[in-house]
Amino acid sequence: MNQISGVIPSTIGGMQDVIDLSLAINRFEGPIPGSIGSMLALEFLDLSSNNLSGSIPKSLEALSHLSLFNV
């Protein structure tokens, strides 16, 4: 809820130890970066209430611990 705008940077996938990630209620636009699929510890991902476009990256299938995904 910070009104951050722009695209979600692909470098976000480098945050390997993140368990909970909420980027909800901002002004992000563009695609969901496929690099999020590298965040193997991720259990909670909330990208809701943004202006994202495109399809959900296939790489997110690798997130075996992900129990909540909200877009």
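Contact here means heavy atoms within 4.5 Å. By that criterion, and not counting residues up to four places away in sequence, Ile25 touches Met1, Asn2, Gln3, Ser48, Ser49 and Asn50. The model is predicted. Ile25 is a useful place to enter it, but the overall layout comes first.

The chain holds 6 strands and 0 helices. Read from the N terminus, its elements run β-β-β-β-β-β. The radius of gyration is 11 Å, close to the 11 Å that the globule rule gives for 71 residues, so the chain is as compact as a globular protein of that length. Along the principal axes, the C-alpha atoms fill a box of roughly 30 × 20 × 20 Å. The accessible surface comes to about 4,200 Å². Carbon and sulfur atoms account for 53% of that surface. Of the 71 residues, 31% are buried. Now take the contacts with a sequence separation of 6 or more: 43% of them join residues 24 or more positions apart.

The strands sort into sheets. One open sheet has 3 strands, in the order β1-β3-β5, with parallel pairing. Its edge strands are β1 and β5, and each of these pairs on one side only. Strand β1 covers residues 5–6 and strand β3 covers residues 27–30. These two run parallel and are joined by 2 bridges. Here Ser5 stands opposite Arg27 in β3. On to the next pair: β3 and β5 also run parallel, joined by 2 bridges. Gly30 stands opposite Leu52 in β5.

Follow the chain past β3 to Pro31. This residue sits in the loop between β3 and β4. Pro31 and Leu52 are 21 residues apart along the chain, yet their C-alpha atoms are separated by 5.7 Å. Setting aside neighbours within four places in sequence, Pro31 is in contact with Leu52 and Ser53. Leu52 thus appears twice: opposite Gly30, and in contact with Pro31.

The other open sheet also has parallel pairing, and its 3 strands come in the order β2-β4-β6. The edge strands are β2 (20–22) and β6 (68–70), each pairing on one side only. On average, neighbouring strands of this sheet are turned by 5° against each other, direction ignored. Between β2 and β4 there are 3 bridges, in the parallel sense. Ser22 stands opposite Asp46 in β4.

What holds strands of a sheet together? Strands of a sheet pair through backbone hydrogen bonds, either parallel or antiparallel.

Next, the interior. The largest nonpolar core has 13 residues. Those with the most contacts inside this core are Leu21, Leu23, Ile36, Leu42 and Leu45. Leu45 shows how far one residue's contacts reach. Not counting residues up to four places away in sequence, Leu45 touches Leu21, Ile36, Leu60, Leu66, Leu68, Phe69 and Asn70.

Back to Ile25. This residue lies in the loop between β2 and β3. Is Ile25 buried, partly exposed or exposed? With a relative accessible area of 35%, Ile25 is partly exposed, because the partly exposed class lies between the 20% and 50% limits. Its contacts include Met1, Asn2 and Gln3, along with Ser48, Ser49 and Asn50. Ser49 also gives a C-alpha distance to check in the model. Ile25 and Ser49 are 24 residues apart in sequence but 4.6 Å apart in space, C-alpha to C-alpha.

Ser48, one of the residues that Ile25 touches, is the last stop. Ser48 is placed in the loop between β4 (44–46) and β5 (51–52). Its relative accessibility is 13%. Buried means under 20%, so Ser48 counts as buried. Which residues does Ser48 contact, leaving aside its neighbours within four places in sequence? They are Ala24, Ile25, Asn70 and Val71. Asn70 links this stop to the interior, as Leu45 touches Asn70 too. Two loops therefore meet here: Ile25 comes from the loop between β2 and β3, Ser48 comes from the loop between β4 and β5, and the two residues are in contact, with heavy atoms within 4.5 Å.

Terms used
Residues numbered from 1 in each chain as written. Predicted model: local features only at pLDDT ≥ 70, side-chain atom pairs only at ≥ 80, totals over all residues. Heavy atoms only, no water. Helix = DSSP H or I, 4+ residues; strand = E, 2+ residues; numbered from the N terminus. Buried < 20%, exposed > 50% of the residue type's maximum accessible area, 1.4 Å probe, protein only. Pairing = 2+ DSSP bridges. Axes fitted to C-alpha atoms, helices over the stretch in contact; angles between N-to-C directions. Core = buried A, V, L, I, M, F, W, Y, C linked by side-chain atoms within 4.5 Å. Rg over C-alpha atoms; globule rule 2.2 N^0.38 Å. Areas by Shrake-Rupley, 256 points an atom, 1.4 Å probe, with all protein chains shown as cover.
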